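Let's take a walk through this model, from the whole chain down to a few odd backbone spots. Keep the 3D view open as you read.

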2 protein chains.
Amino acid sequence: MKTGIESLLNPHSVVVFGVSELEGKAGNSVVKHLLEGSIRVYGINPKGGTLFGLPIYRRIEELPEVPDLAVIALPAELAPDTVRACAGRGIGAVIVIAGGFSEIGEAGEKLELELKEAITGTRTRILGPNTLGLLIPRLKLDTIFLPSSHLRRPSPGNIAIISQSGSGVMGALDIGAFYGVGLGAFVGLGNRIDIDENELIEYFGDDPHTSAIGMYLESFVDAQRFVDACGRVSSRKPLVLVKAGRSSAGARAVALHTGSLAGSDRVTGGVLSQLGIFRAYDDEELLDAVRVLAHGKPLAGRRAVILTGGGGMGVITADYVEAQEKGIAASLATLDPNTEARLARIALPYASVRNPIDLTPVAGNDMYEAALEILQDDPGVDVIIVCLMYHNAKKGDKFTERLCHWGKQGKKPLIAAAIGSETTIRAIRQMEAAGVLALPSFRRAVKAVDLLAQRAEFLRRENSPGQSVSMVSVPGKVDTEQAFVPKPGIPLAEDEVKAVLRKRGICTPDSIVLPGGELPAEIPFPFPHVIKIRSSDVLHKTELKGVVLNIKNPETLEKTVKEMRSRFPGQDLLMERMEPSGVEIIVGLIEDATFGLSIMCGIGGILAELYRDVTFRRVPINSLDADNMLRDLKAHALFEGFRGIRVSREAVIDLLLKVSSLGLDLRGNIDQMDLNPVIVREDKAIVVDAKLIWKAEITA
Amino acid sequence: MKTGIESLLNPHSVVVFGVSELEGKAGNSVVKHLLEGSIRVYGINPKGGTLFGLPIYRRIEELPEVPDLAVIALPAELAPDTVRACAGRGIGAVIVIAGGFSEIGEAGEKLELELKEAITGTRTRILGPNTLGLLIPRLKLDTIFLPSSHLRRPSPGNIAIISQSGSGVMGALDIGAFYGVGLGAFVGLGNRIDIDENELIEYFGDDPHTSAIGMYLESFVDAQRFVDACGRVSSRKPLVLVKAGRSSAGARAVALHTGSLAGSDRVTGGVLSQLGIFRAYDDEELLDAVRVLAHGKPLAGRRAVILTGGGGMGVITADYVEAQEKGIAASLATLDPNTEARLARIALPYASVRNPIDLTPVAGNDMYEAALEILQDDPGVDVIIVCLMYHNAKKGDKFTERLCHWGKQGKKPLIAAAIGSETTIRAIRQMEAAGVLALPSFRRAVKAVDLLAQRAEFLRRENSPGQSVSMVSVPGKVDTEQAFVPKPGIPLAEDEVKAVLRKRGICTPDSIVLPGGELPAEIPFPFPHVIKIRSSDVLHKTELKGVVLNIKNPETLEKTVKEMRSRFPGQDLLMERMEPSGVEIIVGLIEDATFGLSIMCGIGGILAELYRDVTFRRVPINSLDADNMLRDLKAHALFEGFRGIRVSREAVIDLLLKVSSLGLDLRGNIDQMDLNPVIVREDKAIVVDAKLIWKAEITA
């Protein structure tokens, strides 16, 4: 017997409740769309009779078989009883189209609960309610009630789109279909009372008809399951996500720097990167990325050669390849002198055979053909971008066919870019149908290079032995003997936080507590010193002038301590050995509302705060994650010998791993932790200041 | 008598040389396109006869009148003689379509020179050669040889496009026409042997049919004239520029930091900003920006309300409005409680009346109408973005008409965004025809808000009394009495550069030279001190360990000087009073290959070098330019009291103005100057280190 998901996504028979003869009704268009395919269709309407040549049954009991799938095109109020009847008959899956459930508030919530109860204890699964439904062109399985005159149906393809919202992706599917972008499956999740994104990610992860999965989500049903599902799938198939509602998520207590630098969206960005999920920012980017990743092979590198017959197009494209400011990473290939010489032989005398190659507008098909052939052999080329202009009557279907040939058979990956109306769109459709990447924008073509190179980088990481970045398989490696878990909820003073750190092998400066601000008879470490007030409730010591740096001799020390005692009577003080300078970074932990405990790494100091040069990952991380965190930073050159500054990259990675492991132990209790600054020198990373806030402290 | 430009852009009669009966020939399609309009058309072909119902003349002398314009659709070799004949007859303007001139090298260069000579001493002007020609839909003046089946002709509109390249903008015009974007004029510059961008900027600046000007340029014919022309036009009409070939321009001597931070493209960016020119990065952005600025009114602010019937579209759009990472500046309007209350009365019970407003997919025309009416009154709203979905059969032409009504008549500016194929494109065309902004992407709609707000900001600046940012009208205000102009070419030591600065009223630390490294009997300023080697040929003192900081007492001073003497025997030293810390910035001058002497301001120190947080303007600048330079910096909050850091913004602006004025005096001689670091505190900005390189030093 089929599983519920199989009944939904590969049904042999489907029954529609609420079949209607009225144009514009869901029960009218859904049946008509379904009848175009070869899935057996049954219609139910209490009036009975015949519609669209189909006998209409009055009740579910009258059906000659138990269909795999039911589509309920009835008002919300009628849905629970109908679903109950479906479940009673043993139907595998039910799609509830109607809105009017939890999304409208209290009244709808009650109805939604009834829906859930209707399938409790049965094998029947629900998609929706409040969903645009399902579209699988290959099966002509189309339960979308919108007329195809208004929403184009794509031809069969190999991408799956899972969307929490109809409107968030519908326009892109429509314009995509117009450009010939094929679709494997679209599933509208609606209110997700049963079937959710995680189950579908796993399904499409195994589905032989799906090469890449795109998602539009405004929230995660269960972030841990999402992480697990993506972790399992992403090394097999590329995943692209629009996580919408980025900006509104931010509100949270921001007692520490880590908190103020986070904002839920930055954590999300880090976690997606950790999972190898591509991030798109809107429907157009989503569709672009998912089709590029489905069609294109991962690129060994980013060295692009641009081939064109119009100089301007080549220059615009080269600008995108080389310019950093648009955030697209690619580079212009330097052609082998032999390649240039061979090109010069086949091109017109005044063509440009350097990259970007301009064959001139009069170049015919043969010249492109010859150039493409020559470029196949250049070892310095990772990808060929062909910029095309179909405004010349000479460039027609034959030309496109040859491009498709090279796109399919060539050794070098080929990406076409062409802007324009009818003739251009026709060519893009032709290439899309042949499975050759063609994008209607130079920018988007260059972005495709970046995406395919990122995919290759991710796969290389995934395949380096013992270095899976899947967080599912990386338990925290905590030596419980060594682990010191303080009592959550009781505030910690700086030296207590540092004691915890030292037990995990993290470096901190030499330090002693001065109870009541009294100096000891003997000072156990050399000058210079730092004096700070010691208190678990003073988070921002500097702002209270509770820190004195660079105390160089016993006289100044005595004077300082005396002065501090008078300003903070009875207060314990902390005396530390002052660390020589180095590169200042900040490392932190934060409980993210969605992804749970996450680790931050960033550049320290005032400027870094302004530039917000920080990155996040979900705890636990492995050493590749830690290394990638450093690479994420805009100032990453600091860890690579910039201007002769010697900084131990290894020490930072080691620190991040230890903090992650500590976080794993404290997870559930910790709200935020700041190690700020951490001074990094050529041999080590030393935590100079440390603060920790328990969850209880925040919620209290 | 018409000027040459008027003969070109508003001819009453036109003659085509090389009229041909062969489909696909330029002389065939050009005549056919011209015959569709009401301009008198003459054809010339040595064979004579009749073509397209037109008597064909054999020679120019046979024409019954002297036409305003000639289009030469003949091979390159025939062009010079033909142009000579045209000039002889007194024809106002000639378009030479053919390629095969300087762009193909030596042979072509000779031919191009002949073309130039053909009009020398005559009133005849040339557009081209090697040009796509001219398209003015209002006049049905169309000399573009590409067939309209392959390149759509836009309907009449109010934007002018000036392009050095055909292929660089043609695709955007084609897809733009497809979406109904109107065109005032397109002029292909080709090889620009006579008519160039600067003359056309002035022409369209005065042209009543033009509301905004878009340009695609790979180089400037004359950067000073470009600056002058744009300076005159940009306060009257918005200008948008794709400056292509951004990435390749960078190669230059980079002896100083200013040089290494420049790269020609950053200077270009600063100069465009100074002139109020909007920068686009490709053809799509160009067309978007120019149509938005032509149709839309400048926005008083960036507070956008989003109105939609599809939650997902609203969320995606709100994300673009609020997210910083995409570089689009806008903000979500906070609706007045009264607005929300009124919306709640007209909307469905489960609609969302908070911004982004979601009327739900079932909302009908009346509900949108009522919502738009309510939003007109909210004082917190600067612009309304309506996100539309035409996939529902209910949304049709009538709905679009009402939107157009609000777009045209409403008090609040309205921008529509809709993604999709036929039905969506139809609606966008309808809005475009009504002059209502409608963009086929949520991102591009939000970008429109940013552009229109930027335009308003520029106009406010322009109109603040005495503060014209036009560089034409701002002479350098140099007090020649005070000015000390050193002898260019003779290298300057640090103290000599600083002496120049002090004469211009720029602060530097107390300082004396120690000839041969000998300390004076009396030290003229208090500790701490700095000792540096003094030499005009040591540009990077720090790297040679030629600088010792923070010398606190006479003993250390003596020791240091002694040690320096032994390491640099016979060398003069420079002793300065060490400045207390502050915010470090870098200020510089650089001779840009295109725009001449330019001034840089940026955040100083190692991190700033990594983040490249610098900005440029052309010299001279005024105080508004200086202020805008600070605003350009990513770390601009530093000058606005960030974390209680007190920094004199005024001192920085004053320093920039003085450096600009010094640059004006030294222009032509100076290659690069670095003031780095400049320490800024709450009362002043002090130049701690200064280097200057003359042009002669670089070229030598």
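What follows covers the overall build, the way the copies meet, a sheet, a helix pair and some unusual backbone geometry.

First, some housekeeping. This is a predicted model, in which local features need pLDDT of at least 70 and side-chain atom pairs count only at pLDDT 80 or more, while totals for chains, interfaces and linings use all residues. Residues are numbered from 1 along each chain as its sequence is written, and chains are lettered from A and ligands numbered from 1 in the order in which they are written.

**The chain as a whole**

Chain A holds 21 helices and 30 strands; here helices (H or I, at least four residues) and strands (E, at least two) are DSSP runs, numbered from the N terminus. Its C-alpha atoms fill a box of roughly 100 × 75 × 40 Å along the principal axes. Of the 700 residues of chain A, 54% count as buried. Buried means that 20 or more other C-beta atoms lie within 10 Å of a residue's own; 12 or fewer makes it exposed, anything in between is partly exposed, and C-beta atoms are placed from the backbone. Among contacts in chain A with a separation of 6 or more, 73% link residues 24 or more positions apart. For a contact, the two C-beta atoms, placed from the backbone, lie within 7 Å.

**How the copies meet**

Chain B superposes on chain A with a rotation of 180° and 0.0 Å of shift along the axis, at an RMSD of 0.1 Å. The two copies are thus related as by a two-fold rotation axis. The fit is by least squares on the C-alpha atoms of residues with pLDDT of at least 70 in both. In chain B, the residue that comes closest to the axis is B:Leu607, with its C-alpha at 3.9 Å.

Each side of the contact is made of 68 residues, from chain B and from chain A. On the chain B side, helix 5 (167–178), helix 9 (283–295), helix 10 (311–322), helix 14 (422–433), helix 15 (442–463) and helix 18 (605–611) each supply at least two residues. Helix 5 of chain B gives the largest share, nine residues. By type, the chain B side divides into 34 nonpolar, 20 polar and 14 charged. Ala, Val, Leu, Ile, Met, Phe, Trp, Tyr, Cys and Pro count as nonpolar, Asp, Glu, Lys and Arg as charged, and the others, Gly among them, as polar. Since 100% of the interface residues of chain B are also interface residues in chain A, the copies meet through the same surface.

**A seven-stranded sheet**

Chain B has an open sheet of seven strands in the order 3-4-2-1-5-6-7, with mixed pairing. Strands pair if DSSP finds at least two bridges between them. At the edges sit strand 3 (50–51) and strand 7 (125–127) of chain B, each pairing on one side only. Strand 7 of chain B runs parallel to strand 6 (residues 93–96) of chain B, joined by three bridges, and B:Val94 stands opposite B:Ile126.

Over in chain A, strand 5 (residues 69–72) pairs in the parallel sense with strand 1 (residues 13–17) over four bridges, and A:Val16 faces A:Val71 there. Strand 5 of chain A also pairs in the parallel sense with strand 6 (residues 93–96) of chain A over four bridges. A:Leu69 and A:Val71 point one way from strand 5 of chain A, A:Ala70 and A:Ile72 the other way, and all are buried.

**A helix pair**

Helix 12 (residues 365–375) and helix 13 (residues 397–409) of chain A pack at about 10°, with axes 10 Å apart. Axes are lines fitted to C-alpha atoms, for helices over the stretch in contact, and angles run from 0 to 180 degrees between N-to-C directions. A:Asn365, A:Tyr368, A:Glu369 and A:Leu372 in helix 12 of chain A meet A:Lys398, A:Phe399, A:Arg402 and A:Trp406 in helix 13 of chain A.

**Backbone oddities**

Two loops of chain A carry cis peptide bonds: A:Gly128 to A:Pro129 has omega near 0°, and A:Val619 to A:Pro620 has omega of about 5°. In chain B, these residues other than glycine have a positive phi:

| Residue | Phi | Burial |
|---|---|---|
| B:Asn130 | near 65° | buried, 23 C-beta neighbours inside 10 Å |
| B:Lys140 | near 50° | partly exposed, 16 other C-beta atoms within 10 Å |

B:Asn130 is in the loop between strand 7 and strand 8 (134–136) of chain B.
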